[in-house]
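User: I have a model open here and would like to understand how its interior is put together. Please take a close look at the packing, and spell out your cut-offs as you go.

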Amino acid sequence: MKKDFALKSLLVFSLLTIGFALFVEFYLGHRPCNLCKIERIPYIAAIVLISLYLILNRGSKMIISILIILFVIGIAISFYHFGIEQGFFNESFVCKLGQNKAFDNPEDLLKSLKKTSISCQEVTFRIFGLSLATINIFVSALISAILIRLYFKNEKNWSKRTRRNNKSW
């Protein structure tokens, strides 16, 4: 698999993934929990970093390395989210962020109570019976594997280029 093709494919896939998440959130009306929002970070980073690579045409090794780290962290976060959904883990402070606010008057408190906060345990949208967190475990693992393979496949080329550049000095 060629590096540029793989990165461009990941860029398109990331754009589609974020677009789908926003469609589910804003058009279908399924509000995401805090962990759902955090799980979007690797895809947003992929969009930014790969776009930067395509514009500058430099730094592919570093960009691929960063993306590997982000998607591996994404696997861990998605697995943790899956564990919360299944009751294996308790909700953490991340799930409750933004829920405890100081209120200046009783009216603000009443407005806040009317807004139902989304629990990380609650699955509001499923595809083929699977939550998006569950699907994201497998998608992030696949992307990580492809990026790791791409990194090691291109490591030889990067090493050759570095040796060639050092000889020219």
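Analyst: Happy to. The largest nonpolar core contains 20 residues, and those with the most contacts inside it are Leu10, Ile50, Ile64, Leu67, Phe71 and Leu147. A nonpolar core here is a set of buried Ala, Val, Leu, Ile, Met, Phe, Trp, Tyr and Cys residues joined through side-chain atoms within 4.5 Å. H1, helix H3 (41–56), H4 and H7 each give two or more residues to this core, and H3 gives the most, with six. A second, separate core has seven residues, including Leu35, Val94, Cys95 and Ile118.

Please keep in mind that this is a predicted model, in which local features need pLDDT of at least 70 and side-chain atom pairs count only at pLDDT 80 or more, while totals for chains, interfaces and linings use all residues. Residues are numbered from 1 along each chain as its sequence is written, and side-chain values use heavy atoms, leaving out hydrogens and water.

For the wider frame, the protein chain has seven helices and two strands, in the order α-α-α-α-α-α-β-β-α from the N terminus. These elements are DSSP runs numbered from the N terminus: helices are H or I with at least four residues, strands are E with at least two. Of the 169 residues, 32% are buried, where buried means under 20% relative accessible area, exposed means over 50% and partly exposed is in between (1.4 Å probe, protein chains only). Among contacts (heavy atoms within 4.5 Å) between residues at least 6 apart in sequence, 79% join residues at least 24 apart.

Now back to the core. Leaving aside residues up to four places away in sequence, Phe71 touches Leu10, Pro42, Tyr43, Ala46, Ser140, Ile143, Ser144 and Leu147. One of these neighbours, Ser144, lies in helix H7 and is buried, its relative accessible area being 3%. With the sequence neighbours again set aside, Ser144 touches Ile68, Phe71, Val72 and Ile75.

H3 deserves its own paragraph. Its buried residues include Pro42, Tyr43, Ala45, Ala46, Ile47, Leu49, Ile50 and Tyr53. Val48, also in H3, is partly exposed because its relative accessible area is 45%. The C-alpha atoms of Val48 and Leu11 are 8.8 Å apart, although 37 residues separate the two along the chain. The expected span of a helix is 1.5 Å times one less than its number of residues; for the 16 residues of H3 that gives 22 Å, which agrees with the 22 Å between its end C-alpha atoms. Asn57, in the loop between H3 and H4, has a positive phi of about 55° although it is not a glycine. Asn57 is exposed, at 57% relative accessible area.

H1 can be read in a similar way. Buried in H1 are Lys3, Ala6, Leu7, Leu10, Leu11, Ser14, Ile18, Ala21, Val24 and Glu25. The 25 residues of H1 should span 36 Å, and the 35 Å between its end C-alpha atoms agrees with that. Just after H1, Gly29 takes a positive phi of about 80°.

The packing also leaves open space to look at. The largest pocket has a volume of about 570 Å³. Of its 30 lining residues, Phe20, Ala21, Glu39, Leu132 and Ala133 are the closest to its centre. Helix H1 (3–27), helix H4 (60–86) and helix H7 (132–167) each give two or more residues to the lining, and H1 has the largest share, with eight.

For the cut-offs, a 1 Å grid covers the protein atoms alone; a pocket is an open set of points where a 1.4 Å probe fits, with protein on both sides within 12 Å along at least five of seven lines, and lining residues have an atom within 4 Å of a point. Points are joined across faces, edges and corners, and the volume is the space filled by probe spheres set on them.

Of the residues closest to the pocket centre, Ala133 lies in helix H7 and counts as buried, at 3% relative accessibility. Ala133 touches Glu39, Ser78, His81, Phe82 and Glu85, sequence neighbours up to four places away not counted. The C-alpha atoms of Ala133 and His81 are 6.3 Å apart, with their positions 52 residues apart along the chain.
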